[in-house]
Amino acid sequence: MVATNDSYQTTWDQYWGDITAQTGAALWDVAPDHAAARDLKTVQAHLANDRPLVDLGCGNATQTWFFGQHFDRVVGVDISQVVIDAVAEKSTMANVSFRQLDILDVDACRSLHADIGDAHVYIRGVIHQLNPDHWQQAIAGVQTLIGQTGTALIVELGGKAHRMMAQIQTPPPKLAEVLAHGIRPAALAPGDIQKLFGDNFEILAHGDTAMHTTQPLPDGNLLQIPAEYWAVRQRS
Ligand SMILES: C[S@@+](CC[C@H](N)C(=O)[O-])C[C@H]1O[C@@H](n2cnc3c(N)ncnc32)[C@H](O)[C@@H]1O
């Protein structure tokens with residue numbers, strides 16, 4: 001992955017522009033039952049629904065609109081202005097709004113926090129595609145958004161995904177399309193999330209899960225990539 005904030009935006013604007021932000025076109029764009037709904041069910045006890053929820057790196061908002069049915073206020077944010085413009089135009093839910101935001105931009109995160117207060121933050125498949133040198137800064141942005149009372153629900157690729165990806169010799173078409181845009185999936189190592197958040201934050205829940213995809217395999221099944229989830233909150 002290229003290393004400056006500008007290049008993340010250029011890369012993702014090109015990706016979303018090329019696949020036209022249609023539901024199901026992106027590799028990871030599955031129905032909420034296989035993503036947000038399942039993830040929310042796993043850690044629901046830690047996410048009071050009277051707090052706003054930020055869907056960080058919301059892409060074409062399939063998961064964001066699901067959250068809109070369960071939280072009083074939902075804000076979908078993404079670095080790509082192209083995808084934000086597309087979803088904002090389609091959105092019909094009064095309690096769901098969208099804004100362009102780079103999680104590495106400290107001022108933008110402070111400004112969103114000032115507008116909506118402590119929020120829960122859902123992060124699915126966003127950290128692992130950043131350059132690992134930027135992970136600490138990204139988590140600082142998440143910490144700003146959750147403040148003292150919000151919970152971060154994170155679903156990212158870990159070591160098992162890394163080993164699986166290393167064995168793929170010819171990437172299937174939807175993964176090839178991602179790679180062709182210069183997007184390189186990395187994987188979090190055991191202990192990374194606690195290390196990145198630091199001792200003032202506690203991991204309330206953690207376990208194995210799968211990143212379901214829309215990529216059919218020759219055996220007729222859809223590709224699933226091993227993943228892990230974490231629910232993290234500031235210690236009281
Ligand atoms: C793999 S996609 C996941 C999309 C969505 N979370 C989902 O599960 O459907 C990663 C998303 O993160 C966004 N993104 C990449 N870098 C970002 C950054 N620095 N700040 C905010 N969003 C970012 C991309 O534009 C893309 O929509």
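Here is a short chat about the sheet, the ligand shell and one loop residue of this predicted model.

User: Hi! Anything to know before we start?
Analyst: Residues are numbered from 1 along each chain as its sequence is written. The model is predicted, so local features need pLDDT of at least 70 and side-chain atom pairs count only at pLDDT 80 or more, while totals for chains, interfaces and linings use all residues.

User: Cool. In what order do the seven strands of the open sheet run?
Analyst: The order is 3-2-1-4-5-7-6, with mixed pairing. Strands are DSSP E runs of at least two residues and helices are H or I runs of at least four, numbered from the N terminus; two strands pair if DSSP finds at least two bridges between them.

User: And which strands stand at the edges?
Analyst: Strand 3 (96-100) and strand 6 (201-216) do; each has a single partner strand, so one side of each lacks a neighbour in the sheet.

User: Are strands 5 and 7 parallel or antiparallel?
Analyst: Antiparallel: residues 151-156 pair with residues 222-234 over six bridges. Within that pair, L153 stands opposite A231.

User: Switching topic, how many residues surround the ligand?
Analyst: 21, counting a residue if its C-beta atom, placed from the backbone, lies within 6 Å. The closest are W12, G57, G59, I79 and R124. Helix 1 (5-19) and helix 3 (62-68) each supply at least two shell residues.

User: What about A61, where does that lie?
Analyst: A61 is in the loop between strand 1 (53-56) and helix 3. A61 has a positive phi of about 70° although it is not a glycine.

User: Buried or exposed?
Analyst: A61 is buried, with 27 other C-beta atoms within 10 Å; the cut-offs are 20 or more for buried, 12 or fewer for exposed, and partly exposed in between, with C-beta atoms placed from the backbone.
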